[in-house]
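Q: How do I read a ligand site in a model? Please take me through one.
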Amino acid sequence: MRVIESILIDGQWSAGSNAQRGAVYNPATGEQIAQLGFADRSDLDRALAAAARGFDTWRKVSAYERSQVLRKAAALLRERAEEIAVLITQEQGKPLAEARMEANGVGDHIEWYAEEGRRAYGRVIPPRVRGARQIVLREPIGPVAAFSPWNFPVSQLVRKIAGALAAGCSIIAKGPEETPSSCIELCRAFEDAGLPKGVLNLVFGVPAEISEYLIASPVIRKVSFTGSVPVGRTLGALAGQYLKRCTLELGGHAPFIVCDDVDVQAVATLGASLKFRNAGQICASPTRFYVQRGAHDEFVAAFVKASQALKVGHGDDASTQMGPLANGRRVKAMHEYVDDALAVGARSALGGSTDSQGGFFFPPTVLTHVPDNARIMSEEPFGPIASIVAFDTLDEVIAKANALPFGLAAFAFTRSIANATLLADELESGMVSINHFGLAAPETPFGGVKDSGYGSEGGSEGLDAYFTTKFVSQVG
Ligand code: NAD
């Protein structure tokens, strides 16, 4: 079987030195399509040495020249977007139309960081002593260890790479073992754009072995992880132990609050399309639908109708609107959530079981009357299940929305400005989107509060994460 040359260290691609290899599957068929080269400790040592040298080179390159390289990479990725989209669909399962959106968006992220990197100004502070100068400089923090997940193979990874490179950092990225090929193409574009060797290194392997080794290394100065809360907790603790700066973008359990003054049909249709995008495997996916009692029954009917109409199938079929889940773990988890919810009193309005089509499929599923003690109301579903619950007052729904330890995204729909302002103020969430889906643009911060992590990717906050502050006070 084909072995993917997945490891990039100091400008050289290889299949890695680890005797162990990964298995890459096509989630639409459940069949293994390739083996993945894994890095071992000797590879990681070489990557660390390369990143240390790469940092020494790249931090001395002017912000202007760095932005030129980034812009070139963005242009190459736009040319290669179709090829990359096909790889995303093949390994991750999402419909080709969604994969194209992801692949086309990568260039925007890089360009935004390329521009913002040129505007990473410091500041001048008026001194207390005449003749003195007090200057604040922003300097790249150093080599970064980044860990990115499989749900958006390129758009999760690009935020880390582009942020680090724009600031002048080098980076060792561990890509997602389930979906390596598009990540490899992403890194290849930076190389082809003229990025010096060793500035960007890519590895795959046994995740815990790689993260423990890299985070402990004195070479690494910054850790960035996107993934689940339990893994984030582990990596955050490791980063704390070694006093490494850390950005954590973890899971969510987004409330989707619908007041009874809205166009119920339109909001239900939008809700269903957001819910089932990428088969629900999105950290900001709406997961708890709270609908004001007067609108509840109409909302459920419209939501079920829109969900029922979705064509589920192989991502490379042009008519497919929802693909399979990314792996067998998620399918098993979906069955468990549905069984548990029904056992404690939820009602099934759509879906809930799967007739095996050979791949990792699970249908769009709608549960209503879901009690708070159902597991799906407190654990992140990360799959195509919508739970719909009625509420009466805004105070009640705000309390429910805030009751979980998660705080990534929240959605609210209302025609009342007073309600909108109250919800924006009171929801404990890193991002609140009111009356539309307005998240994840390169220029806006993306990140959570509470157990959903800390720090932001995107926006000027995303770039700040890769800088340290140096204060220079000078006389004469
Ligand atoms: P997981 O927690 O096992 O893995 C999530 C990601 O972290 C994977 O890419 C994995 O390779 C990586 N990972 C796992 N252990 C690691 C370690 N010790 N060091 C470094 N990286 C490590 O979960 P999963 O089964 O792959 O995915 C399901 C859960 O992951 C979901 O419930 C969801 O909460 C979370 N997830 C979140 C996002 C996000 O965008 N925040 C993306 C993908 C997955």
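The turns below cover the ligand and its surroundings.

A: First, the ground rules. This is a predicted model, where local features need pLDDT of at least 70, side-chain atom pairs count only at pLDDT 80 or more, and totals for chains, interfaces and linings use all residues. Residues are numbered from 1 along each chain as its sequence is written, and side-chain values use heavy atoms, with hydrogens and water left out.

Q: Which residues come nearest to the ligand?
A: A residue is near if one of its heavy atoms lies within 4 Å of the molecule. Here 24 residues surround the ligand, and Trp150, Ser211, Ser228, Arg329 and Glu380 come nearest.

Q: What polar contacts should I look at?
A: Look for pairs of N or O atoms within 3.5 Å. The side chain of Glu380 places an N or O atom 2.3 Å from a ligand oxygen. For Ser211, a side-chain N or O atom is 2.7 Å from a ligand nitrogen. Leu250 uses a backbone N or O atom, 3.3 Å from a nitrogen of the ligand.

Q: How much of the ligand does the protein bury?
A: Accessible areas come from the Shrake-Rupley method with a 1.4 Å probe. Alone, the ligand exposes 800 Å², and the protein buries 86% of that.

Q: Which domains give residues to the shell around the ligand?
A: Domain bounds come from an automatic or database domain assignment. Both domain 1 (3-250 + 452-475) and domain 2 (254-442) contribute to the shell, so the ligand lies between them.

Methods:
Polar contact = N/O pair within 3.5 Å; in protein donor to acceptor, adjacent residues only side chain to side chain.
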